[in-house]
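Subject: Structure handover

Hello,

Here is the structure I promised to pass on. Please have a look at it, and then read my notes below.

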Amino acid sequence: MKKIIIVAAVILASIFLLKKNILLKKNDNQIKIKVCKVIEHEALNSVVAGMTYYLMSQKEKSYDVSVETCQGNMALASQIIAKFSDSGADVIVTVGTIPSQAAYKFAKSKNTKVVFSSVTNPKDISENLKNSNITGVSNFVALQPQLNLFKEIQPNLRKLGIIYNTGEANSVFIVSNLKSICKNMDIKLLEQGISKISEIPQATERLAKSCDAIFISNDNMALSGMENIISICNKNGIPVYVSDTDQVEKGCAAALGPNQYDIGVQTGKIIKRIINGEDINNIEIQYPTTNELYINTKSVVKIPDAIKTRAKKAF
């Protein structure tokens with residue numbers, strides 16, 4: 001009897017080890033996608049969601065997607081990317097400019113494959129990305145059509161405020177371009193640079209007392225503090241415009257920009273091409289294929305009927 005029990009125990013242990021080895025083998029066959037996101041907010045979460053959904057829907061391969069956030073910190077971004085590279089990630093995905101800049105040296109020197117997403121100005125990563133094992137999807141939105149929209153909503157718009165993180169290269173790029181456009185449109189651009197989220201309320205209060213509207217364009221720090229910005233502007237009767245459509249439902253007046261989820265899907269398609277064997281250095285940087293108009297009919301400014309009829313979504 002004792003012998004039978006021992007034999008049974010050995011058989012059960014063998015079955016357990018066999019199942020464990022099968023599972024390990026299955027996990028070994030999974031494609032490891034490591035994501036470093038610059039900060040937490042809805043737009044970037046939508047990008048990751050779109051990318052993940054697309055990859056998980058590809059039945060011919062199994063993808064393991066894991067995400068970490070660097071909190072807008074370059075040193076932390078570098079640590080995360082180094083860990084991803086050492087772990088043997090098949091593709092490293094960087095969402096936002098800061099982690100993309102951190103990943104560039106690993107892509108160039110260690111042949112790590114990097115796909116960036118939601119980077120406004122790819123040249124902020126490097127002036128020349130050719131043959132650097134890095135490509136991706138920009139979220140750049142042409143500024144002139146957005147300013148035209150704001151003027152259509154507010155024909156008397158004369159002073160436009162903008163809050164931006166002076167440490168974000170993408171935001172500095174946008175403000176630089178915005179200056180010349182505003183000048184040509186006889187709009188005075190009022191800037192409020194910030195370096196940390198805690199500065200957002202004071203910066204917003206200052207602008208709300210001196211401008212006709214506030215514009216937040218792809219700045220991750222400002223986007224993470226949108227509830228404060230919207231609340232203060234609503235109290236002062238100042239509309240908030242954004243390039244991120246996800247923010248309109250929260251109370252912004254309008255947005256003309258790409259669908260962030262679709263940017264994620266674009267990113268996922270690039271990853272699939274790389275996993276299927278295409279040379280990453282032959283894949284061109286992509287830009288949003290469409291822009292969508294979102295409006296908020298309950299905001300502090302009246303949206304003209306002509307704009308309502310063009311809107312993709314109205315809240």
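Strands β11 (residues 292-295) and β12 pair in parallel, through 2 bridges, and I295 sits opposite A314 of β12. Strands here are DSSP E runs of at least two residues and helices are H or I runs of at least four, both numbered from the N terminus; two strands count as paired if DSSP finds at least two bridges between them. This is a predicted model, in which local features need pLDDT of at least 70 and side-chain atom pairs count only at pLDDT 80 or more, while totals for chains, interfaces and linings use all residues. Residues are numbered from 1 along each chain as its sequence is written, and side-chain values use heavy atoms, with hydrogens and water left out.

The pair belongs to an open sheet of 7 strands with mixed pairing, in the order β7-β6-β8-β9-β10-β11-β12. Its edges are β7 (188-194) and β12 (313-314), each pairing on one side only.

Two helices lie across this sheet. Helix α5 crosses β6 (159-165), β8 (213-216), β9 (240-242), β10 (254-257) and β11, at about 155° to β10. Helix α6 (residues 169-184) lies across β6, β7 and β8, at about 165° to β6. Axes are lines fitted to C-alpha atoms, for helices over the stretch in contact, with angles from 0 to 180 degrees between N-to-C directions; contact means heavy atoms within 4.5 Å.

P145 is part of α5 (residues 143-153). Its C-alpha is 8.0 Å from that of L256, although the two are 111 residues apart in sequence.

Is S217, in the loop between β8 and α8 (220-224), buried or exposed? S217 is buried, because its relative accessibility is 4% and the cut-off for buried is under 20% relative accessible area (exposed is over 50%, partly exposed in between; 1.4 Å probe, protein chains only). Beyond four places in sequence, S217 touches L143, I174 and S243.

The largest nonpolar core (buried Ala, Val, Leu, Ile, Met, Phe, Trp, Tyr and Cys residues joined through side-chain atoms within 4.5 Å) has 46 residues, and I33 and I271 have the most contacts inside it. A second, separate core of 29 residues includes F150, A254, L293 and I295.

A word on confidence: pLDDT (the predictor's confidence in each residue, from 0 to 100) averages 89 over the protein chain, and 91% of the residues score at least 70. Residues 1-27 stay under 50, with 0 contacts beyond four places in sequence. Where pLDDT is low, predicted coordinates should not be read in detail.

Best wishes
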